[in-house]
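Trainee: Could you take me through one part of this model closely, and show me how that part sits against its surroundings? I would like one connected account rather than a list.

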Amino acid sequence: MATAKKAAKKSSVKKSSTKKATKKASAKKTPAKKSSAKKTSAKKSSSGRKYGPAAGKQVETEMREMKKGTLKSGRSGKKVTSRKQAIAIGLSEARKKGAKVPAKKS
């Protein structure tokens, strides 16, 4: 009798584990559908390059000036030492020339 009970317990354990496996498999399928929807929305929002090649060249020249030590800031005329500031000056001048550059964030 003891062996029959053990066999019954083993078979019930196997059944419950297969139920869990099917639930896990179905749970794994739903996130895959959601991720594919996210990918399509990401494609819609991107519309090519944000910065045109002319803007890149302008930033490149400003960076060279900064490295030489000849780049000066606008009103004060102080020497620019920050990389971020040199990029900002380059983008600003590219905007003035009409290159493809996104509008300033306020």
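**A partly exposed glutamate and the helix around it**

Mentor: Glu60 has a relative accessibility of 40% and therefore counts as partly exposed, since that class lies between the cut-offs of 20% and 50%. The model is a predicted one, and confidence should be kept in view from the start: the mean pLDDT of the protein is 78, and 57% of the residues reach at least 70. Helix H1, residues 2-45, has the lowest confidence with a mean of 57, whereas helix H2, residues 53-68, has the highest at 96. Glu60 belongs to H2, as does Arg64, and the two are four residues apart, about one turn of the helix. In an α-helix with 3.6 residues a turn, residues three or four places apart point the same way. The side chains of Glu60 and Arg64 meet in a salt bridge, with 2.8 Å from N to O, and the structure holds one such salt bridge. Side chains of opposite charge can pair when their charged atoms come close. Arg64, like its partner, counts as partly exposed, because its relative accessibility is 49%.

Other residues of H2 are buried. Ala55, which is found in this helix, has a relative accessible area of 2% and is therefore buried. Once its neighbours within four places in sequence are set aside, Ala55 is in contact with Ala94, Ala99, Lys100 and Val101. Its C-alpha atom is also 8.5 Å from that of Glu93, although 38 residues separate Ala55 and Glu93 in sequence. Gln58, again in H2, is buried as well, because its relative accessible area is 10%. With neighbours within four places in sequence again left aside, the contacts of Gln58 are Gly90, Glu93, Ala94 and Lys97.

These contacts lead to helix H3, where the buried residues are Ala86, Ile89, Gly90, Leu91 and Ala94, and H2 is included in what covers them. H3 runs over residues 83-97, and its 15 residues should span 21 Å at 1.5 Å a residue; the C-alpha atoms at its ends are 21 Å apart, so the expected and modelled spans agree. At its N-terminal end H3 is capped by Ser82, a side-chain oxygen of which lies 3.4 Å from the backbone nitrogen of Lys84. After H3 comes Gly98, with a positive phi near 95°. Arg83, placed in H3, offers another link across the sequence, since setting aside neighbours within four places it is in contact with Met63 and Met66. The C-alpha atoms of Arg83 and Met63 are separated by 7.3 Å, with their positions 20 residues apart along the chain.

The loop between H2 and H3 deserves a look too, and Ser73 lies in it. Ser73 is buried, because its relative accessible area is 13%, and its side chain is joined to that of Ser76 by a polar contact of 2.9 Å. Not counting residues up to four places away in sequence, Ser73 touches Lys78, Val80 and Gln85.

To return to the starting point, Glu60 is a partly exposed residue whose side chain meets that of Arg64, while Ala55 and Gln58 are buried.

Notes
Residues numbered from 1 in each chain as written. Predicted model: local features only at pLDDT ≥ 70, side-chain atom pairs only at ≥ 80, totals over all residues. Heavy atoms only, no water. pLDDT = per-residue confidence, 0-100. Expected span 1.5 Å × (residues − 1). Buried < 20%, exposed > 50% of the residue type's maximum accessible area, 1.4 Å probe, protein only. Contact = heavy atoms within 4.5 Å. Polar contact = N/O pair within 3.5 Å; in protein donor to acceptor, adjacent residues only side chain to side chain. Salt bridge = Lys/Arg side-chain N within 4 Å of Asp/Glu carboxyl O.
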